[in-house]
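User: I'm new to reading protein models and would like to take one part slowly. Could you walk me through a single strand and then show me what lies around it?

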Protein chains: 4
Amino acid sequence: MIQVFVTGGTFDKEYNFITGELYFEDTHLKEMFERGRCSLDVDVKTLMMLDSLEMTDADRGIIVHNCVRCDDDKIIITHGTDTMVETAKALANAGIQKTIVLTGAMVPYAFGTSSDGFFNLGSALAFVQTREPGVYIVMNGRCFPWDKVRKNRSTGFFEDL
Amino acid sequence: MIQVFVTGGTFDKEYNFITGELYFEDTHLKEMFERGRCSLDVDVKTLMMLDSLEMTDADRGIIVHNCVRCDDDKIIITHGTDTMVETAKALANAGIQKTIVLTGAMVPYAFGTSSDGFFNLGSALAFVQTREPGVYIVMNGRCFPWDKVRKNRSTGFFEDL
Amino acid sequence: MIQVFVTGGTFDKEYNFITGELYFEDTHLKEMFERGRCSLDVDVKTLMMLDSLEMTDADRGIIVHNCVRCDDDKIIITHGTDTMVETAKALANAGIQKTIVLTGAMVPYAFGTSSDGFFNLGSALAFVQTREPGVYIVMNGRCFPWDKVRKNRSTGFFEDL
Amino acid sequence: MIQVFVTGGTFDKEYNFITGELYFEDTHLKEMFERGRCSLDVDVKTLMMLDSLEMTDADRGIIVHNCVRCDDDKIIITHGTDTMVETAKALANAGIQKTIVLTGAMVPYAFGTSSDGFFNLGSALAFVQTREPGVYIVMNGRCFPWDKVRKNRSTGFFEDL
């Protein structure tokens, strides 16, 4: 079985037509796996719904705790891209013997045919099945070991460190 | 570099609003890699645009030939799902020492937010980077060795043989 | 109040991923009015779900009957484009003193960002509020009196007769 | 002929995946008329690309000026909803003998299947063809005379004054 932990990020943001701002409602992960006609045994659990710039050490503690205690050894975490590497580091420092893949999106899934989220989820699901235990970031069709990647803030792409 | 060969299939079908039937125009693969913000070196080449039920041995010969002669050892083939396993077998019989992943879609990419194609492409791209040389089918979030899978015609899912 | 009668047509067709053919499930009309943030009092009633090429005189009798007996004097009918003019004629012959607007789509609403259906519905809703009693066809941003229009089968556009 | 003046508003906003904010690029109006398969003679001209909260009296002067001098007597203006009524008032005060319809959207057209913009455009196009000279606001499937409407900021709906 594959465990999916939802933490928010652009991936799951919605447009508030009253304020014109982005916000969180429910995650789209379950409908995405259905639309992708995924036949794997996947369990989706929402841990929090946060913009990753607002994520604290306590929040990261919750993510680590859940990764430690869950029964599965294949874990996907959806996460905002801005501090994805930071959370990956917290997970790596915890020394968990599982394959943990963090992924996200640059455009909200709810924004239809411009979002990269559905593609990234397909990649994350594949990499979590094939990589050795460790912490990885899956974006842009690639799988980066957590300590060999950074987000380029001006281009929005993840790059080798 | 990753070589992508387009052969048609539901993946790339369009709706003809005059006749109400499905047909082929240009492939969507390039725009899909762009939307997925893929930063890998991917080359997309259209070999044919066929419904896989209409694919002949000669067509399969063209696919095999192109896989043999291309320089890259990682190949993704987009293909109709109905005879995907048959083409996989033809490729396997050719004994090519490359990682070849066939993928497709149950709903055309052009049909917007109901298509599984973008998800499958993300998975295919990930599996082609991680699997040993061989011929595989990537559908439903899974990667099947070519000789251990069949399409269940009544459910539309690929299953272990 | 505005009465909406659903009869099927391309408007409400879905893609069957098993057979690759189009078919009918439930109408999308209610979600369309919601998405359009329509604040008018609209009642949606499904009379039938038919490809208009398969519509019989008996089916047209049902449509006429419902238009006659409904309490509202503003009626929108969603209908396949191929025989829309024929149904309009049957309605006109019944001499109903109401404003009846037939509309449809060339691309199914379910096919996402390529469908004209949502635009046509917005037009139909506006024209039904402003036109004198009579039978009209609303397509391509225009409102045609029922006896001054035909569908051009090669272009898919409705034209002045 | 129908003249369409683009002034910006939520209608034409895009999502900036680097900053996570909304911004303007090119208008979507032309592709929307094409997708709507509109066969009317429509001319689209972009006057400005502004969030309507940032629109000044000078900007409104430009809109009035263009409505006065254009040759057509049917005009659609796409506009942010927040100050749509204010611009309508400026147009009414100019005493132009043309049918002027302001419309907009609560969700950007670029956000796919959740936007009301395409529906509103269909309605605006219909109302501009049928209403007497005057200034109107078309939202929520309705056509309001400019001096009998206000936007309810908490619900996002336009209401009778």
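Is strand S5 (residues 74-78) of chain A mostly covered or mostly open, and how many of its residues are buried?

Analyst: Happy to, and keep in mind that we're looking at a predicted model. Strand S5(A) is mostly covered, with four of its five residues buried.

Let's see who sits beside the strand. On one hand there's strand S1 (residues 2-8) of chain A, which pairs with S5(A) in the parallel sense over four bridges. If you want a spot to click on, try Phe5(A): its bridge partner in S5(A) is Ile77(A). S5(A) also pairs with strand S6 (residues 99-103) of chain A, again running parallel, and here five bridges do the joining. For that pairing, look at Thr78(A), which stands opposite Thr103(A) in S6(A). As a rule of thumb while you look, side chains in a regular strand alternate between the two faces of the sheet.

How does the chain get from S5(A) to S6(A)? Helix H3 (residues 84-93) of chain A belongs to the story: S5(A), H3(A) and S6(A) together make a right-handed β-α-β unit.

You can get a feel for such a helix from chain B, where Leu91(B) is found in helix H3 (residues 84-93). Leu91(B) is buried, because its relative accessible area is 0%, and under 20% counts as buried. Skipping neighbours within four places in sequence, Leu91(B) touches several residues, including Ile77(B), Ile100(B) and Leu102(B). Its other contacts include Ile63(B), Val64(B), Cys67(B) and Val135(B). For a sense of distance along the chain versus through space, take Leu91(B) and Asp147(B): they're 56 residues apart in sequence, yet their C-alpha atoms are 11 Å apart.

Now follow chain A past S6(A), into the loop between S6 and helix H4 (117-130), where Phe111(A) sits. Phe111(A) is one half of an aromatic pair that crosses between chains, the other half being Tyr15(D) in strand S2 (residues 13-15) of chain D. Two numbers describe a pair like this: the distance of the ring centres and the angle of the planes. For Phe111(A) and Tyr15(D), the centres are 5.3 Å apart and the planes are at 85°, so the pair is edge-to-face. Both Phe111(A) and Tyr15(D) are buried. They're also part of one aromatic cluster, made of Tyr15(A), Phe111(A), Tyr15(D) and Phe111(D). Over all chains, the structure holds 14 aromatic pairs.

That cluster has matching names from A and D, so let's compare those chains. Turn chain A by 180°, with 0.0 Å of shift along the axis, and it superposes on chain D with an RMSD of 0.0 Å. The two copies are thus related as by a two-fold rotation axis. Phe111(A) is the residue of chain A that comes closest to that axis, with its C-alpha at 2.1 Å. Both copies use the same surface, too: 100% of the contact residues of chain A recur in chain D.

Rings can meet charges as well. In chain D, Arg35(D) lies over the face of Phe118(D), 4.0 Å from the ring centre. Between chains, the charged end of Arg37(B) sits over the ring of Phe157(A), at 4.4 Å from its centre.

Terms used: Residues numbered from 1 in each chain as written. Chains lettered and ligands numbered in written order. Predicted model: local features only at pLDDT ≥ 70, side-chain atom pairs only at ≥ 80, totals over all residues. Heavy atoms only, no water. Least-squares fit on C-alpha atoms with pLDDT ≥ 70 in both. Contact = heavy atoms within 4.5 Å. Buried < 20%, exposed > 50% of the residue type's maximum accessible area, 1.4 Å probe, protein only. Helix = DSSP H or I, 4+ residues; strand = E, 2+ residues; numbered from the N terminus. Pairing = 2+ DSSP bridges. Right-handed = clockwise from strand over helix to strand, strands pointing away. Phe/Tyr/Trp six-rings, centres within 6.5 Å; stacked < 30°, edge-to-face > 60°. Lys NZ or Arg CZ within 6 Å of the ring centre and 35° of its normal.
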